[in-house]
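Let's take a walk through this protein together, one part at a time. Please keep the structure open beside you as you read.

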Amino acid sequence: MYRIAGLFTALLMLASLSPASAEDKTITVFAAASMKNALDEVDAAYTAKTGIKFSVSYAASSVLAKQIEQGAPADVFVSADTDWMDYASSKKTINEASRVNLLGNSIVLIAPKDSEINNVTIAQGFDLAKLAGDGRIATGDVKSVPVGKYAKAALEKLGAWQAAEPKFAMAESVRAALTLVARGEANLGIVYSTDAKVEPGVKIVGTFPADSHPAIIYPVAATTTAKGETNDYLAFLRTSAAKTILEKYGFKFLISPTT
């Protein structure tokens, strides 16, 4: 009887300890939707090296920044623009000292893989509305989702926004916009070049000039509630090993990598 009671007590103690131990070895990352494929591989490399696992939420940077503000548990925030990282900073939800502008990207015009649209010259005065015909143009919500904001800025500068605006299908994230085009539910889309690269159902038909929109910058930072091991992970994101993976997916590394 005493043995059973002792065993039961030991099991209870083990059960109470196990979840905490597991939690200590998990880093929670909130990252821009466009980071998914690349960051999944980076995280897998870090897990193989350290044993630390990841819980990652991918969504529009706007959504993630507001979730963190509302108390969602996160250790790392990766934004697809500086605006939403600035927002997090203004709400004092990130550790400003840990912030770094890590990556760059570009925006492209995409069409379904079997589309007859090819080789579009994107320059001043190009007629996006005419190109779309009776179909829709997908991108992220231009009021909040970074890719949509970049897209609108570029189209305004090139003189194509006013005519094309009624044809836009505003998606909740860049990956949602990508899916609309891949399924043929939109004739065209504006996404990051890195998104187009990982989706076999679409093709790039044109690239927006870099000077047609604000520089596309992905800042990374630890949150103010981040676990202690987060700093080592952020350091890993700056290494040559991480750079090799991220550049393979088409991201531009904006800092000098560490070894």
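**How far to trust the model**

This is a predicted model, and its pLDDT averages 92 over the protein, with 91% of the residues scoring at least 70. Residues 1-23 are another matter: their pLDDT is below 50, and beyond near neighbours in sequence this stretch has 1 contact in the model. Where pLDDT is low, the predicted coordinates should not be read in detail.

Let's turn to the sheets. One is an open sheet of 6 strands, in the order S2-S1-S3-S10-S4-S11, and its pairing is mixed. At its edges you will find strand S2 (53-59) and strand S11 (252-253), each of which pairs on one side only. Follow strand S11 to its partner, strand S4 (residues 100-104): the two run antiparallel and are joined by 2 bridges. Here Leu 103 stands opposite Phe 253 in S11. Helix H3 (residues 61-69) packs on this sheet, where it touches strand S1 (26-32), S2 and strand S3 (76-78). The direction of H3 makes about 135° with that of S1.

Now find the open sheet formed by 5 strands, ordered S7-S6-S8-S5-S9, again with mixed pairing. Strand S7 (168-171) and strand S9 (202-207) stand at the edges with a single partner strand each, so one side of each has no neighbour in the sheet. On average, neighbouring strands here are turned by 35° against each other, direction ignored. At the S7 edge, strand S6 (residues 137-140) runs parallel to S7, and 4 bridges join the two. Gly 140 stands opposite Ala 171 in S7.

Which helices lie across these strands? Helix H6 (residues 146-158) lies across strand S5 (107-112), S6, S7 and strand S8 (188-192), and it runs at about 115° to S8. Helix H8 (residues 174-182) lies across S5, S6, S7, S8 and S9, running at about 145° to S8.

Our last stop is a pair of helices. Helix H2 (residues 36-50) and helix H10 (residues 230-237) pack with their axes 11 Å apart, at an angle of about 120°. That angle makes H2 oblique to H10, and the crossing of the two is right-handed. What makes the contact? From H2 come Leu 39, Val 42, Asp 43, Ala 45, Tyr 46 and Lys 49, while H10 brings Asp 232, Tyr 233, Phe 236 and Leu 237. Sorted by class, the contact of H2 with H10 has 7 nonpolar and 3 charged residues, and no polar ones.

Technical notes. Residues are numbered from 1 along each chain as its sequence is written. This is a predicted model: local features need pLDDT of at least 70, side-chain atom pairs count only at pLDDT 80 or more; totals for chains, interfaces and linings use all residues. Side-chain values use heavy atoms; hydrogens and water are left out. Axes are lines fitted to C-alpha atoms, for helices over the stretch in contact, and angles run from 0 to 180 degrees between N-to-C directions. Angles under 35 degrees count as roughly parallel, over 145 as roughly antiparallel, 65 to 115 as roughly perpendicular and the rest as oblique. A crossing is left-handed if the near helix is turned anticlockwise from the far one by less than a right angle, and right-handed if clockwise. Contact means heavy atoms within 4.5 Å. Ala, Val, Leu, Ile, Met, Phe, Trp, Tyr, Cys and Pro count as nonpolar, Asp, Glu, Lys and Arg as charged, and the others, Gly among them, as polar. Two strands pair if DSSP finds at least two bridges between them. pLDDT is the predictor's confidence in each residue, from 0 to 100.
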